[in-house]
Amino acid sequence: IDGKLDEGIKPAECYWTVEEDVLQLGLVKSGEMCWWQRVIKGDARIDVKKIEPENSNLSDLNPELRQTVEKMMYDQQQKAMGKPTSDEVKNKDMLKKFMAQHPEMDFSNCKFNG
């Protein structure tokens with residue numbers, strides 16, 4: 001591999017193996033789970049909208065991965081409807097709770113994103 005990765009990874013969770021003289025890399029992406037348009041900066045991009053993942057059943061996944069996939073599906077559906085994602089709702093609820101716990105603070109001039 002000659003070049004820098006186009007996206008961030010979690011180095012401590014990545015791995016490599018050699019099988020039948022083939023080096024296999026397992027890169028764990030950091031941040032949101034999404035399709036990468038390319039692996040190395042400067043390489044040609046692919047149209048990720050054309051990717052058709054193979055069908056699988058959620059019941060085939062381990063519980064942690066299943067929960068992550070279900071959350072991604074929910075968030076994708078929410079975004080498509082112009083509604084907040086689960087993380088956005090969680091953040092808004094935490095902010096409301098903080099504001100309720102601190103009535104002495106004036107939030108009237110604050111501008112919040114999202």
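Begin with the aromatic side chains of this predicted model, where a search of the whole structure finds one aromatic pair. Select F98 and F107 and look at their two rings, whose centres are 6.1 Å apart and whose planes stand at 80 degrees, so the pair is edge-to-face. That label follows because planes over 60 degrees apart count as edge-to-face. If you then show the surface, the two partners can be examined in turn: F98 is partly exposed, with a relative accessible area of 35%, whereas F107 is buried, with a relative accessible area of 16%.

Next, select the two strands β1 (15-19) and β2 (22-26). They pair in the antiparallel sense over five bridges, and together they form a hairpin with two residues between them. Within this hairpin, select E19 and look across to β2, where the bridge partner of E19 is V22. Then move to E20 in the turn, which has a positive phi of about 50 degrees.

From here, turn to the charged side chains. Side chains of opposite charge can pair when their charged atoms come close. The structure holds five salt bridges, and this tour visits some of them.

Select R38 and D6, whose side chains meet in a salt bridge with an N to O distance of 3.3 Å. R38 lies in the loop between β2 and α1 (63-80), while D6 lies in the segment before β1, so the pair ties together parts that are 32 residues apart in sequence. R38 counts as buried at 17% relative accessibility, and D6 is buried as well, with a relative accessible area of 15%.

Keep D6 selected and add K41, because the side chains of K41 and D6 also meet in a salt bridge, at 4.0 Å from N to O. This pair, too, links distant parts of the chain, with K41 in the loop between β2 and α1 and D6 in the segment before β1, 35 residues apart. K41 is partly exposed, with a relative accessible area of 47%.

Now select K71 and D87, whose side chains meet in another salt bridge, at 3.2 Å from N to O. K71 belongs to helix α1 and D87 to helix α2 (residues 86-101), so this contact ties together parts that are 16 residues apart in sequence. K71 counts as partly exposed at 34% relative accessibility, and D87 also counts as partly exposed, at 39%. Before leaving the charged residues, display D6, R38 and K41 together, since salt bridges that share partners join these three into one network.

The last stop is the cysteines. A disulfide is a covalent bond between the sulfur atoms of two cysteines. How many disulfides does a search of the whole structure find? The search finds zero. To see one reason, select C14 and C34: the sulfur of C14 is 15 Å from the closest cysteine sulfur, which is in C34, and that is too far for a bond, because the two sulfur atoms of a disulfide must lie within 2.5 Å. Finally, select C110, which is partly exposed, with a relative accessible area of 38%.

Note on methods:
Residues are numbered from 1 along each chain as its sequence is written. This is a predicted model: local features need pLDDT of at least 70, side-chain atom pairs count only at pLDDT 80 or more; totals for chains, interfaces and linings use all residues. Side-chain values use heavy atoms; hydrogens and water are left out. Rings of Phe, Tyr and Trp (its six-membered ring) pair if their centres lie within 6.5 Å; planes under 30 degrees apart count as stacked, over 60 as edge-to-face and the rest as tilted. Buried means under 20% relative accessible area, exposed over 50%, partly exposed in between (1.4 Å probe, protein chains only). Helices (H or I, at least four residues) and strands (E, at least two) are DSSP runs, numbered from the N terminus. Two strands pair if DSSP finds at least two bridges between them.
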